[in-house]
Amino acid sequence: QAKKLGYNYVLEYEPNMAKRLISTSSMRSNLQEAIDNDELELHYQPIVRSNDQHVVQVEALLRWPQSDGSFIAPDEFIPVAEMTGQIIPLSEWVFKRACEDAIKLQQREPKLRMSVNISALHFNRANFVDFVLDTLAETGCRGAWLELELTESILLEGSQYAIERLEMLRKHGLSIALDDFGTGFSSLSYLKRLPLDVVKIDRSFIAGIRHHKGDRVLIESVIKIAQSLNFAVLAEGIETPQQAEFVTELGCNFLQGFYFGRPVPLEDL
Ligand code: C2E
Ligand code: MG
Ligand code: MG
Ligand code: MG
């Protein structure tokens with residue numbers, strides 16, 4: 001799947017491969033134009049604390065607006081950007097804009113933290129930590145206002161190296177979330193070694209709560225294990241009050257999903 005693109009991606013033969021390659025190359029040049037012309041946007045989705053449903057955080061989500069008013073979804077163009085190398089300038093743009101917006105948000109709502117998704121390719125660059133610290137200094141954003149969302153693949157790559165970086169970032173006040181938990185390959189023994197603040201349970205498990213006992217059991221055990229390791233747990237993709245109630249009762253600390261709010265431009269937040 002496109003989402004799995006990254007270091008570990010292996011191209012498999014597909015009958016419509018030629019078509020896909022053409023669309024990839026046109027997407028590449030259109031994306032370059034969008035980056036150069038500063039056409040990309042960050043939208044923000046609220047994250048609430050489960051006990052009182054107060055908004056305590058927002059997640060920055062990248063949007064590529066089209067001339068007809070629609071958006072190309074990040075799941076479509078981020079894998080392309082990762083393949084072409086455009087992910088680095090893109091990810092740098094995202095982080096810088098997120099810092100600038102975090103400052104604006106702090107003025108309106110102190111204590112509101114912002115989470116930013118970080119591509120494995122960016123995180124694994126030698127100067128990633130320096131880039132983060134330089135951008136904080138340059139924009140005036142504090143580390144404590146930010147949370148970085150990383151996926152399991154990052155952590156699989158780096159092991160000790162990744163752990164050291166995470167520790168450095170946390171020393172500067174940033175918190176670290178493990179995104180899409182449950183969709184990758186990380187084992188629980190591996191989770192134990194990571195300096196994390198939050199584990200985000202992937203929305204596919206939340207979607208299965210009603211009909212799949214396996215998903216309920218899994219959520220329950222992830223929450224227990226994460227909390228025994230002193231990580232907070234966030235449930236993604238909450239679309240109904242029943243789902244919110246279910247995961248809250250299980251002890252989930254934070255909730256995110258369309259039930260609480262969709263991603264919107266900063267002005268509309
Ligand atoms: P993610 O980080 O797991 O972000 C959550 C995704 O779930 C977002 O999709 C969000 O709009 C969607 N979502 C939130 N609540 C609900 C819900 O209740 N129901 C459903 N069906 N969906 C919900 P989006 O914005 O399309 O982003 C998709 C993925 O693209 C993100 O998944 C993240 O992996 C990646 N992404 C987005 N922005 C960035 C970025 O700035 N940098 C990087 N590297 N990746 C990004
Ligand atoms: Mg995320
Ligand atoms: Mg996620
Ligand atoms: Mg996701």
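1. Metal donors here are N, O and S atoms within 2.8 Å of the metal (3.2 Å for Na, K and Ca); water is not among the atoms, so sites may look incomplete. By that criterion, the magnesium ion (ligand 3) and the magnesium ion (ligand 2) lie 3.9 Å apart, and D179 coordinates both.

2. On provenance: this is a predicted model, in which local features need pLDDT of at least 70 and side-chain atom pairs count only at pLDDT 80 or more, while totals for chains, interfaces and linings use all residues; side-chain values use heavy atoms, with hydrogens and water left out. Residues are numbered from 1 along each chain as its sequence is written, and chains are lettered from A and ligands numbered from 1 in the order in which they are written.

3. The magnesium ion (ligand 2) takes its protein donors from E59 (OE), N117 (OD1), E149 (OE) and D179 (OD), at 2.0 to 2.2 Å. Their spacing in sequence is E-x57-N-x31-E-x29-D. Distant parts of the chain are linked by the pair E149, in strand β5, and D179, in strand β6 (residues 175-181), 30 residues apart. Helices (H or I, at least four residues) and strands (E, at least two) are DSSP runs, numbered from the N terminus.

4. For the magnesium ion (ligand 3), the protein donors are D179 (OD), D180 (OD), E236 (OE) and E236 (OE), lying 1.9 to 2.7 Å from the ion. Along the chain these donors follow the spacing D-D-x55-E. Here the linked pair is D179 in strand β6 and E236 in the loop between β8 (232-235) and α11 (241-249), 57 residues apart.

5. Are the shared ligand D179 and its partner E236 buried or exposed? Both are buried, where buried means under 20% relative accessible area, exposed over 50%, and partly exposed in between (1.4 Å probe, protein chains only). The relative accessible area of D179 is 6%. E149 is also buried, at 2%.

6. Helix α5 (residues 128-139) has twelve residues, which at 1.5 Å a residue should span 16 Å; its end C-alpha atoms are 16 Å apart, which agrees. The expected span is 1.5 Å times one less than the number of residues. F128, V129, F131, V132, T135, L136 and T139 are its buried residues. Seen down the axis, they fall within an arc of 160°, so they line one face of the helix; the arc is that of the directions from the helix axis to the C-beta atoms. A137 and E138, on the other side, are exposed. Just after the helix, G140 takes a positive phi of about 85°.

7. What packs over the buried residues of α5? The cover includes α3 (87-108), α4 (120-123), β5 (146-151) and α7 (160-171). From the other direction, F95 touches V116, I118, F131, V132, T135, L136, L146 and L148, leaving aside residues up to four places away in sequence. Contact means heavy atoms within 4.5 Å.

8. A nonpolar core is a set of buried Ala, Val, Leu, Ile, Met, Phe, Trp, Tyr and Cys residues joined through side-chain atoms within 4.5 Å. The largest has 76 residues, and those with the most contacts inside it are F95, M114, F123, L146, L169 and V247. Helix α3 gives the most to this core, with eleven residues. A second, separate core of five residues includes I47, A177, V198 and L234.

9. Overall, the chain has eleven helices and ten strands. Of its 269 residues, 48% are buried. Among contacts between residues at least 6 apart in sequence, 66% join residues at least 24 apart.
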